Amino acid sequence: MTILEKIIADKRQEVTLKKQLIPVSQLEKSVLFDRITISLSKALRNGSGVIAEHKRRSPSKSVINNSLNVQDVARGYEIAGASGMSVLTDGKYFGGSLDDLLIARASTLFPILRKEFIVDEYQIIEAKAYGADAILLIAASLSQEEINRFSAFARSLGLDVLCEAHNLEEVNKSIVDTVDMLGINNRNLKTFEVSIEVSKELAQYIPNEFVKISESGISSIEAIKELKPYGYEGFLIGELFMKTDKPGQNATQFINELKA
């Protein structure tokens, strides 16, 4: 069993339990459920293109940063000029929570992506109820039918959809009308090796109507400059900022250099 398969198996159990504790009707009564969302895909095309991530740890890197306040990180990223923020909400493997999403939403006005392992429409309702503007779908863990169904449901709630692929088969599976952004994850799920060459190789297969996003291994201005000619408009950056004591300040410096 791969780490992704283990995460997905655990996530299905988690969602089953949560459904019993908090019914959909309760989520739909959330103050944030009826808020008008902000389009992450449009923000990427009109801004710096940086999606700055809040991530405490990961299966590949263990602890990245457990000491930072989500509110400070979120405000720092917004002031820095990030086009949006990605918030990890998985607890067991990434140390995140829905409270992180809620705090980030209360602290900022820019688009927020709920980064989670979506296996059920329930989690999409949760995302809306806790203030997300966009959700992530991981093609490696979903069928074509699930991508179609989940993306259409998210769109019906006013949420943007980022579908993440690791190879050509997953790219083809992600080309759906109700997906807004198609992300290429440069990390090999089997070896955890990272190379932006993956984004370069797969760019030609992504239709131009999708916002192209490169994820993992974006650790320099040079990497972004290399990827832009391939049509990439979004760049998900987490560890580069989060491994420092002041992610917001580091993001500011990075984005200023990128603009220059």
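Start with the whole chain in view and think about its contacts (heavy atoms within 4.5 Å). Among contacts with a separation of 6 or more, 69% join residues 24 or more positions apart. What you have open is a predicted model, in which local features need pLDDT of at least 70 and side-chain atom pairs count only at pLDDT 80 or more, while totals for chains, interfaces and linings use all residues. Residues are numbered from 1 along each chain as its sequence is written, and side-chain values use heavy atoms, with hydrogens and water left out.

**The overall view**

Switch to a cartoon and you will find 12 helices and 10 strands. These are DSSP runs numbered from the N terminus, with helices being H or I of at least four residues and strands being E of at least two. The C-alpha atoms fill a box of roughly 50 × 40 × 35 Å along the principal axes. For 260 residues, a compact globule would have a radius of gyration near 18 Å, and the 17 Å of this protein agrees. That radius is taken over C-alpha atoms, and the globule rule is 2.2 Å times the number of residues to the power 0.38.

How much of the protein is made up of buried residues? The share is 57% of the 260 residues. Buried means under 20% relative accessible area, exposed means over 50%, and partly exposed is in between (1.4 Å probe, protein chains only).

**Helix α1**

Now select residues 3–21, which form helix α1. Its 19 residues should span 27 Å at 1.5 Å a residue, and the end C-alpha atoms are indeed 27 Å apart. The expected span is 1.5 Å times one less than the number of residues. The buried residues of α1 are Leu4, Ile7, Ile8, Asp10, Lys11, Val15 and Lys18. Show α5 and α6 as well, since they are included in what covers those buried residues.

Stay on α1 and pick Thr16. Thr16 is partly exposed, with a relative accessible area of 44%. A polar atom of its side chain lies 2.9 Å from the backbone oxygen of Arg12. For a sense of scale, draw a distance from Thr16 to Ser62: the two are 46 residues apart along the chain, and their C-alpha atoms are separated by 27 Å.

**Glu116 and its surroundings**

Next, go to Glu116, in the loop between β5 and α6. Is Glu116 buried or exposed? Glu116 is buried, as its relative accessible area is 1%. Its side chain makes a polar contact with the side chain of Thr89 at 2.8 Å. A polar contact is a pair of N or O atoms within 3.5 Å; within protein, one must be able to donate a hydrogen and the other to accept it, and residues adjacent in sequence count only if both atoms are side-chain atoms. Leaving aside neighbours within four places in sequence, Glu116 is in contact with Lys11, Thr89, Asp90, Gln123, Leu136 and Ile138.

**Strand β7**

Leu136 leads you on to Leu162, in strand β7 (residues 160–165). The C-alpha atoms of Leu162 and Leu136 are separated by 4.9 Å, although the residues are 26 apart along the chain. Leu162 is buried, with a relative accessible area of 1%. Beyond four places away in sequence, the residues that Leu162 touches include Leu113, Ile135, Met181, Gly183 and Ile213.

**Aromatic rings**

Time to show the rings. Rings of Phe, Tyr and Trp (its six-membered ring) pair if their centres lie within 6.5 Å; planes under 30 degrees apart count as stacked, over 60 as edge-to-face and the rest as tilted. By this rule the count is 3 aromatic pairs. Select Phe94 and Phe117 for a tilted pair, 5.8 Å centre to centre with 35 degrees between the planes. This pair links distant parts of the chain, with Phe94 in the loop between β4 (84–88) and α5 (98–107) and Phe117 in the loop between β5 (112–115) and α6 (121–129). Phe94 counts as buried at 10% relative accessibility, and Phe117 is buried at 9%.

Then select Phe241 and Phe254, an edge-to-face pair at 5.7 Å centre to centre with 80 degrees between the planes. Phe241 is in helix α11 (residues 239–242) and Phe254 in helix α12 (residues 247–259), 13 residues apart. Add Tyr77 to the selection, and you have one aromatic cluster of Tyr77, Phe241 and Phe254.

**Last stop**

Finish at Ser216, in the loop between β9 (211–215) and α10 (221–227). Ser216 has a positive phi of about 75 degrees although it is not a glycine.
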